[in-house]
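Let's take a stroll through a protein structure, starting with the overall picture and then zooming in on strands and single residues. Keep the 3D view open as you read.

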Amino acid sequence: MATAAGNADASVLREGASEEKGEHARLASFVGAMAIGDLVKSTLGPKGMDKILQSVQRGRNVTVTNDGATILKSIYVDNPAAKVLVDISKAQDDEVGDGTTSVVVFASELLRQAEQLVNQHVHPMTIIQGFREACEAAKAALERAASDNAGDEARFRQDLTNIAKTTLSSKILTNDKEHFAKLAVDAVLRLKGSGDLEMIQIIQKPGGSLKDSFLDEGFILDKRFGVGQPKRIENAKILIANTPMDTDKIKIYGARVRVDSMTKVAEIEQAEREKMKRKCEKIIGYGINCFINRQLIYNYPEQIFTEAGVAAIEHADFDGIERLALVTGGDICSTFDNPEDVQLGSCDLIEEVMIGEDRLIRFSGVAKGEACTIVLRGASEHILGEAERSLHDALCVLTSTVKDSRVIYGGGCSEMIMSKAVEELAAKTPGKRSLAMECFAKALRAIPTIICDNGGLDSSELVSQMRAAHAAGKKNTGINILTGEVGDMQQCGVVECFRVKQQVLLSATEAAEMIIRVDDIIKCTPRQRE
Amino acid sequence: MSLAFDEFGRPFIIIKEQGAKTRVRGIDAQKANIAAAKSVARTLRSSLGPKGMDKILQSGDGDITITNDGATILDQMEVEHEIGKLMVELSKSQDYEIGDGTTGVVVLAGALLEQAESLLDRGIHPLRIAEGYEMASKVATKELARISEKFEFDAENIEPLIQTCMTTLSSKIVNRCKREMAEICVKAVMAVADLERKDVNLDLIKVEGKVGGKLEDTMLVNGIVLDKDISHPQMAKEIKDAKIAILTCPFEPPKPKTKHKIEIDTAEKYEELRQQEEKYFNDMVKQCKDCGATLVICQWGFDDEANSMLMQQKLPAIRWVGGVELELLAIATGGRIVPRFTELTPEKLGSAGMVKEVSFGTTKERMVIIEDCAASKAVTVFVRGGNKMMVDETKRSLHDAICVARNLVRSNNIVYGGGSAEVACAIAVEEEADKIPSVEQYAMRAFADALDAVPNALAENSGLPPIESVATIKAQQLKDKNPFLGVDCKEIGTNDMKSQGVFETLIGKQQQILLATQVVKLILKIDDVILAGEGQ
């Protein structure tokens, strides 16, 4: 029998596994990445469209969103390269909170350009080299273009408002962006630079319209007081606890009750009640007038509290407890033997308020003035969900701006500045690397092009006008999507956060580089699921 | 017969007839084995060198790994063929022993087998080939030792070490900031190295990663990073001069191993039990506090009660710390791992200059950093990167670089990279071959040709004409008697690896040649493959 021919592959992999090599692998990853880019492309910019996501689980929940990270998180991707893009979008979301669509679109544009270069037989490593140098040049240009108004409080606030408006303009909140921009800026400035988004609580309440959303300076807990307890407490002293208030089990392993007569059962029950009563008395002994527990409070202890005139709130979830502890400055405790060690929380006024149809508890005049609550109102849950995501994006961007106060102009302006710098570098660079740089510049210009296209504008006309304006030295030129013309972004007030843009540039380049480097895809046998 | 062709004309081994045993014999068995091994080697070949490409590996659950680390690729490839598995083992043993050169070793073994195949065609007995390879490998390692140079560095002058690490890192995706990474690795190794004994305990270097930020944010922490948070949100987040109690017992009432029951039949007993329980908690916390600890690190969880009491005692705690970390902590802080509360004494506490909790990004991810540990110099390299695959790949790359730095501390002999050492060996082996009177001569020449495969692959991956560049280098090495000429992968303009500063460790290279030869011998000696069919 004939022996193996020189270059034929014996199959060494497990059955069902597959391997793609060289051009095929590269093609597969480019195609996958571009597909993901095309998927989210249409959501980019102020005139971007939304997507409906329906979950496959029971209930078929529907989400309407144009947040890139949310879309990508929800879709099932099989293509390895596409997964890389989904991952960078997630990382962008975790790190700066916004720009999740831009980063994916930019990375896929880079790959689209790279594909053409590969077809022209440019070695992938040369492309990467060119991209890297281009990325450095773009980064430097971005840094030069950034301006910093941190010194001047009024202008900084103006910057923040503009950033919030720019971010919100691409979301569902665009109609009320003035209102929400103010909400977001107020909330973030209350944090006084700490950037701890935990302090800002967002509550969704269906009903009313988006305009009715408001910022509350206190803390709102979506719970109610126990029956018959005071509904309004002034100068509250609050004990925050995480303790079982149903039956207090004994945790010693192996303990169990075994009795031989009915009376003894009654005795033990009595002892149990005594135990609970003592616990309640201890709690009341702290001199508090409000008790908040993470776990359930049964009727018996509730009754004891009511008699003592202490308002008790049960079942505040973990987040609620932690936040309350944070804002009222109290400890979360689970044992009640040492009153002197426990720091009680305090606030000026606790009252029950009505929002829409629901009753909620508001804590105002809390010890730490940084916390606040944003109550979102809107016609349906879908709108509220999307509004919360949008607001979250805006808040994230604002906090990163507070940390790094440099800002740059939006509307495609920064992309044009970067692309100009990269093109200048390409003109000076000898060798094939310059081809890659030119492509990088093209990919940068693709972003304003897509924004124009999504707005139904003549993208080639506008982008080339913009390019000419930049070449003529008008560095603030960008697209005003609302009027459909090229304009001065400083006057339009379209401002973006420097850190977000920088992160988009770096992670997209990193991801593109990673995908270009691949020349082999090995897929293992999928795990069999019953 | 045992070989057949599928519809694409590829040969495969028909085995899967249930219950039936299949066997392949003689020259066919050898050829089939060689083909399988070659196919594994071919997959890795394109990953070699500074311009090598990466592979995407998709696991059975759909997770993605992107890497060009030979050992990782083979490990996750799920190779099923027996001989393929041998190659995987080969790469792994290089990884365990040296930590770097895992791709090179497989490429070399593949090339050796390819040469062996043509010798088999000429009718040379496999054992003679194996003998010849063995002799050649001895010559090659001797030649390597001859051309190796002593490499001078000390605690103050770490620059040469950094250069070597940079060579390793330049083939990885992190080569964008290889200088910074190399510095981190070398500093990490030097921090834990015992220069007297010339040894480095790699357990003391931990590589942790967190997605987010930039690659440039990667840093060296002079201590330990725990991927945990402080158990109670209101405990102190920053502890200076911490005294650490390291516990392996939970903050819970004891659970005796023997089966038992506590019967409660009266209210008094109930009451007693309740008090007992309360006492347990009080005692546990009191014992921690009394021995002077300012931080409790526990392998298990705590009850809410215990947590709250610790908090009231102003005693921060970290729970669910893994066993490995716990050990590392104990070594680093000079503490003892305490299995029972009653055994807590002040001298068993570890101490650290600073413990703090830090948070990242917009999510609630937190980590605890323990710095300036008392007893030893455990360090952690903390990797940041744009996405998960990037962080994972960086971690693997740093591991390689750290291994290289360790090898240099152990033995400071180096050879030059860029394929120069392989070419020098090839020349030496060829020379030696002419002196051998027997058939092994052919095998040795084949070995020399196989050695050329490495510079060949390097040149090919860098987009240079492979045969031409290797031939030029060889001719020049012979002419100038300069064993430092190699492939100019980075297109700097010189072939002299010494002036380019591309080093590799001598033991790494020797190990590569020895391991590859061993495996090839093993494969050549197989002349009969019997597979038990899959039973019903």
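Chain B contains 17 helices and 22 strands. Bear in mind that this is a predicted model. If you follow the C-alpha trace of chain B along its principal axes, it spans about 95 × 65 × 40 Å. Of the 536 residues in this chain, 59% are buried. Now look at contacts in chain B with a separation of 6 or more: 73% of them link residues that are 24 or more positions apart.

What about the outside? The accessible surface of chain B is about 21,900 Å², and carbon and sulfur atoms own 49% of it. As for charge, chain B carries 67 positive and 82 negative side chains, and the centres of these two sets are 1 Å apart.

**A strand with partners in two chains**

Next, find strand β20 of chain A, residues 518-523. Is this strand enclosed or open? Five of its six residues are buried, so β20(A) is largely enclosed by the rest of the structure. Strands of a sheet pair through backbone hydrogen bonds, and they can do it parallel or antiparallel. You can see both senses here. Strand β1 of chain A (residues 18-21) runs antiparallel to β20(A), joined by four bridges. The other partner comes from chain B: strand β4 (residues 54-58) pairs with β20(A) in the parallel sense, over five bridges.

**A small sheet in chain A**

Chain A also has an open sheet of three strands in the order β4-β16-β19, with antiparallel pairing. Its edges are β4 (147-148) and β19 (495-497), each with a single partner strand, so one side of each has no neighbour in the sheet. Strand β16 (residues 406-409) is joined to β19(A) by three antiparallel bridges.

Want to spot some of these pairings residue by residue? Here are three to look up:

| Residue | Opposite residue | Strand of the opposite residue |
|---|---|---|
| A:Ser18 | A:Lys523 | β20(A) |
| A:Asp520 | B:Lys55 | β4(B) |
| A:Val407 | A:Cys497 | β19(A) |

**Aromatic rings**

How many aromatic pairs does the structure hold over all chains? The count is five. One aromatic cluster is made up of A:Phe106, A:Phe131 and A:Phe440.

**Two residues with a positive phi**

Back in chain B, B:Asp241 has a positive phi of about 45 degrees, although it is not a glycine. B:Asp241 sits in strand β12, residues 238-247. Its relative accessibility is 59%, and because the cut-off for exposed is over 50%, B:Asp241 counts as exposed.

B:Lys481 is another non-glycine residue with a positive phi, near 50 degrees. You'll find B:Lys481 in the loop between α15 (466-480) and α16 (497-500) of chain B. With a relative accessible area of 66%, B:Lys481 is exposed too.

**A buried isoleucine**

Finally, go to A:Ile350 in strand β13 of chain A, residues 345-355. Is A:Ile350 buried or exposed? Its relative accessible area is 0%, so A:Ile350 is buried. Leaving out residues up to four places away in sequence, A:Ile350 touches several others, including A:Phe225, A:Ile233, A:Cys290 and A:Phe363. A:Gly330, 20 residues away along the chain, has its C-alpha atom 15 Å from that of A:Ile350.

Key
Residues are numbered from 1 along each chain as its sequence is written. Chains are lettered from A and ligands numbered from 1 in the order in which they are written. This is a predicted model: local features need pLDDT of at least 70, side-chain atom pairs count only at pLDDT 80 or more; totals for chains, interfaces and linings use all residues. Side-chain values use heavy atoms; hydrogens and water are left out. Buried means under 20% relative accessible area, exposed over 50%, partly exposed in between (1.4 Å probe, protein chains only). Contact means heavy atoms within 4.5 Å. Accessible areas come from the Shrake-Rupley method with a 1.4 Å probe; for residues, only the protein chains shown count as cover. Lys and Arg count as positive and Asp and Glu as negative; His and the chain ends are not counted. The place of a charge is taken as NZ of Lys, CZ of Arg, CG of Asp or CD of Glu. Two strands pair if DSSP finds at least two bridges between them. Rings of Phe, Tyr and Trp (its six-membered ring) pair if their centres lie within 6.5 Å; planes under 30 degrees apart count as stacked, over 60 as edge-to-face and the rest as tilted.
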